[in-house]
Amino acid sequence: MSESPRVTMADSLLASLVAILDIVALERLQGGSFRQLGTEYPPAWFTQAFHEADPGAPVTLVQAFPALDSFLSEAEVFWQGTAYGRLDGEAFVVAGPAGDNLALMPIAVAMQGRHFLLIQRVAGFDERQHVFQRAREQALSHEAVVRKIDALRQPFAKLSAVVSELATSDLAEAQRAVLARASSELDALRRTLDELPKLARGASPRGR
Amino acid sequence: MIQKKICMLGATGVGKTSLVSRFVLSMFSDTYLTTIGVKVDKKTLSVDGADITLMLWDIYGEDEFQTVRTSYLRGAAGYILVADGTRQRTLDTARELQSKAMAVVGNVPFVLVLNKADLAGEWRVDDRALWKMAEDGWTLVKTSAKTGAGVEEAFLKLTTKVAAS
């Protein structure tokens, strides 16, 4: 990542700006190597990734951030086919300097015949994770409830069969009255069960 | 040093992250924490005297909220399909993801892991479907990220297949 004659005042200003914003700005050079824009120290999370990949040895960007591997393949295609624009990558998580999880996002930029790779902290990642967490927890809970409802259907069907069988046997008038009440309650239960969510395709309860 | 990219694929909440955590760090937490994006961990295994470093791509789960981007799979030498033995639907998702993966990386080795074996009383996967998959040549391993049962075996089986391919 050495200085090149193409470094301009604008690059220097941009480098200061991205340092304040906790972004790493790299220019992709001919041959596939990258150089950091400007002379500002990169963020701690960036240098730490290089150190952890292989302390004391030369490390490539992909060795330091393996999750960039698939994005860089897409970025190469983008850079070859785009004169001006950006391509956003998916978030990836690395260990932060404090041992916490740090979410980063790569962006490929094509501009004035030059190709850049920005790596930035994902804004609002914690909120996004919280929303997905809640949504998925609710979906899993819903699935569990639906499974429990479905588990009721088999004993309900057996109970209905028993009641039907009773109806065909010799019963005293008082017993018939009790049976009629039981049938009525079963009908109400059936209507309620029919209104409840059913298991989706492919889901089968135990014992089926 | 041989390095191989291995992707963890499966529905939401099947235990992909827990399996990686158990395998790499020998740790397990009962708290479910959803994965956003991807996290890459690595672990070196020795197979037939050769050290192979697995780059384990723990990719977010497939569900109604997010579909797995196939670009994550590019360059994978193998993958682990994870299903939750207590949720039959996750087996269907595993099958769909296998088709997706095959379209991107071709016929690379994979292992189907049926996780949460510690919840045997709540097991709901259809045994006939599992037999059919085994007959079709799928390698199936029952695991529990919670107890650690089968976890090493699953990764070792895949690594052996990857090394031989």
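**Figure 1. Strand S1 of chain B is mostly covered.** Let's start in chain B of this predicted model, where seven of the nine residues of S1(B) are buried. Strand S1(B) covers residues 2–10, and strand S3(B) covers residues 50–59. These two strands pair in the parallel sense, with seven bridges between them. To find one of the bridges by eye, look for Ile6(B), whose partner in S3(B) is Leu56(B). S1(B) also pairs with S4(B), again in the parallel sense, over five bridges. Here a handy landmark is Cys7(B), which has Tyr79(B) as its bridge partner in S4(B).

**Figure 2. Chain B residues stand out in the largest nonpolar core.** This core holds 72 residues. Which of them touch the most other members? They are Ile6(B), Cys7(B), Met8(B), Leu9(B), Ile80(B), Leu81(B) and Val113(B). As background, nonpolar side chains in soluble globular proteins tend to be buried together. Met8(B) is a good residue to centre the view on: setting aside neighbours within four places in sequence, its contacts include Leu19(B), Val20(B), Leu56(B), Trp57(B), Ile59(B), Ile80(B) and Val82(B). Lys16(B) and Asp58(B) are also in contact with Met8(B).

**Figure 3. Helix H2 of chain B has buried residues covered by strands and a helix.** H2(B) runs over residues 88–105. From first C-alpha to last, its 18 residues reach 26 Å, close to the 26 Å expected at 1.5 Å a residue. Which residues of H2(B) are buried? The set is Gln88(B), Arg89(B), Thr90(B), Leu91(B), Thr93(B), Ala94(B), Leu97(B) and Ala101(B). Their cover includes strands S1, S4 and S5 of chain B, along with helix H3 of chain B. Just past the end of H2(B), you will meet Gly106(B), with a positive phi of about 80°.

**Figure 4. Strand S1 of chain A pairs with S6(A) and with S2(A).** Moving over to chain A, S1(A) spans residues 23–28, and five of its six residues are buried. Six bridges link S1(A) to S6(A), residues 114–121, in the antiparallel sense. Leu26(A) is one residue to look for, with Leu117(A) as its bridge partner in S6(A). S1(A) also runs antiparallel to S2(A), residues 34–36, and three bridges join them. Arg28(A) has Phe34(A) as its bridge partner in S2(A). Together S1(A) and S2(A) make a hairpin with five residues between the strands. In that turn, Gly31(A) has a positive phi of about 95°.

**Figure 5. Helix H5 of chain A agrees with its expected span.** H5(A) takes in residues 125–167. Its end C-alpha atoms lie 63 Å apart, which agrees with the 63 Å that 43 residues should span at 1.5 Å a residue. The buried residues of this helix are Gln129(A), Arg136(A) and Arg147(A). Ser160(A) also sits in H5(A). Is Ser160(A) buried or exposed? The count for Ser160(A) is 15 C-beta neighbours inside 10 Å, so this residue is classed as partly exposed. For a sense of scale, the C-alpha atoms of Ser160(A) and Glu127(A), 33 residues apart along the chain, are 49 Å from each other.

**Figure 6. Chain A meets chain B through 27 residues of chain A and 24 of chain B.** On the chain A side, the elements giving two or more residues are H4(A), S4(A) and H5(A). Which element gives the most? That is H5(A), with 10 residues. Sorted by class, the chain A side has 13 nonpolar, six polar and eight charged residues. Strands take part in the meeting too: S4(A) pairs in the parallel sense with S2(B), residues 38–47, over two bridges. One pair to pick out is Val93(A) with Lys39(B), its bridge partner in S2(B).

**Figure 7. Chain A is divided into two domains.** Domain 1 covers residues 9–123 and domain 2 covers residues 127–195. Taken over C-alpha atoms, the centres of these domains are 57 Å apart. Chain A has six helices and six strands, in the order α-β-β-α-α-α-β-β-β-β-α-α along the sequence. Of its 208 residues, 19% are buried.

Methods
Residues numbered from 1 in each chain as written. Chains lettered and ligands numbered in written order. Predicted model: local features only at pLDDT ≥ 70, side-chain atom pairs only at ≥ 80, totals over all residues. Helix = DSSP H or I, 4+ residues; strand = E, 2+ residues; numbered from the N terminus. Buried ≥ 20, exposed ≤ 12 C-beta atoms within 10 Å, placed from the backbone. Domains from an automatic or database assignment. Core = buried A, V, L, I, M, F, W, Y, C linked by C-beta atoms within 7 Å. Contact = placed C-beta atoms within 7 Å. Nonpolar A, V, L, I, M, F, W, Y, C, P; charged D, E, K, R; others polar. Pairing = 2+ DSSP bridges. Expected span 1.5 Å × (residues − 1).
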